[in-house]
Amino acid sequence: MTSIHSGSSAMVPDLFDLRGKTAVVTGASSGIGEAIARELAAHGAKVVVSSIDLDLCNRVVHDLVAQGAEAVAIRCDVGKPEDLENVIESASASFGGIDILVCNAGVGPHFGPMAAATDAEYELTMAINLRSILRLTSLVIPGMAARGRGSVIIISSIAGLRGNKMLGLYGVSKAASAQLARNLAVEWGPQNVRVNTISPGVIETPFATAITADPLRSATRKGVTPLRRFGTPRDIAGVAVFLASDAANFVTGHNLVVDGGTIVSDGS
């Protein structure tokens, strides 16, 4: 996959050419979301950079525009229905219909056994990691269906694919988001709307510092990962470009694991 900035004299291969398409990315002010926004823009998409921190969104947009991309920043707390409505209305007003939706915003407020989670932690986890995605896709997908095309990408986690002693509640929410993607894929496939999930392993972001910054945990996880490293946000961004592009035209309802092989390893 060739990565270039919009306006470059180089050509993006046709299969990965996102020119003429509009993308909305939530949680895009840092980490995985920021990397996805940058790569979508590099492949020609007009990008709406959205998160709860407008200043950080503006920083990302400033960089993208300086590189020749079309991008706008829109503040959005995905836990608030009115913010979700506003980001979609504002995105449509800026760039027209939405072709690519990346639901990346997520939280993990509880670390420990599930029985120890408070009601507030449970409600926040499910509200952000599941309910907000259903609300956002319900706002966006009908417009995609009316135009006969669209790609929705939900960022899940390998925590949703296996048991975890400390991230159980988070994992349950992520497993549910992957099932949501499968259901939406079935519902909207006849209108040529594709819905897929990416399940990252440990990615070097602030969210994963409990593992990456701990020498013992870090060494243990790398030791059971065939590629013997943690992922980078750009590792996930490349997969998002694939799922958003024509290269993935026959891919829907899929949960694409991007973890360096951790989940398939027997630990040897």
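This is a short tour of a predicted model, with stops at its pockets, its cysteines and one helix residue.

**Stop 1: the largest pocket**

Select Gly-106, Val-107, Tyr-170, Thr-205 and Phe-207. Of the 44 residues that line the largest pocket, these lie nearest its centre. The space inside comes to about 1000 Å³.

Now colour by secondary structure. Helix H1 (31-42), strand E2 (46-51), helix H4 (119-147), helix H5 (168-188) and helix H6 (209-212) each supply at least two lining residues. Which element gives the largest share of this lining? H1 does, with three residues.

Next, colour the lining by residue class. You should count 23 nonpolar residues, 16 polar ones and five charged ones.

**Stop 2: the second largest pocket**

Move on to the second largest pocket, with a volume of about 370 Å³. Select Arg-162, Gly-163, Asn-164, Lys-165, Met-166 and Leu-167, which are among the residues that line it. Add Phe-111 and Ile-211 to the selection. Finish the lining with Arg-217, Thr-220, Arg-221 and Val-224.

Show helix H7, residues 215-223. With three residues, H7 gives the most to the lining of this second pocket. By class, the lining splits into five nonpolar, three polar and four charged residues.

**Stop 3: the cysteines**

Show the cysteine side chains. How many disulfides does a search of the whole structure find? Zero.

Start with Cys-76. Why does Cys-76 form no bond with Cys-57? The closest cysteine sulfur to that of Cys-76 is in Cys-57, and 9.4 Å between them is too far for a bond. The cut-off for a disulfide is 2.5 Å between sulfur atoms.

Go on to Cys-103. Cys-103 is in no disulfide either. Its nearest cysteine sulfur belongs to Cys-76, 10 Å away.

Switch to a surface view. Is Cys-76 buried or exposed? Cys-76 is buried, at a relative accessible area of 3%. Cys-103 is buried too, with a relative accessible area of 3%.

**Stop 4: Asp-55**

Keep the surface on and select Asp-55. This residue lies in helix H2, which spans residues 54-66. Asp-55 counts as exposed because its relative accessible area is 62%, and the cut-off is over 50%.

Last, add Asn-196 and draw a distance between the two C-alpha atoms. Asp-55 and Asn-196 are 30 Å apart in space. Along the sequence, 141 residues separate Asp-55 from Asn-196.

Definitions and conventions:
Residues are numbered from 1 along each chain as its sequence is written. This is a predicted model: local features need pLDDT of at least 70, side-chain atom pairs count only at pLDDT 80 or more; totals for chains, interfaces and linings use all residues. Side-chain values use heavy atoms; hydrogens and water are left out. Helices (H or I, at least four residues) and strands (E, at least two) are DSSP runs, numbered from the N terminus. Buried means under 20% relative accessible area, exposed over 50%, partly exposed in between (1.4 Å probe, protein chains only). On a 1 Å grid over the protein atoms alone, a cavity is a set of points where a 1.4 Å probe fits but cannot get out, and a pocket is an open set with protein on both sides within 12 Å along at least five of seven lines; lining residues have an atom within 4 Å of a point. Grid points are joined across faces, edges and corners, and a volume is the space filled by probe spheres set on the points. Ala, Val, Leu, Ile, Met, Phe, Trp, Tyr, Cys and Pro count as nonpolar, Asp, Glu, Lys and Arg as charged, and the others, Gly among them, as polar.
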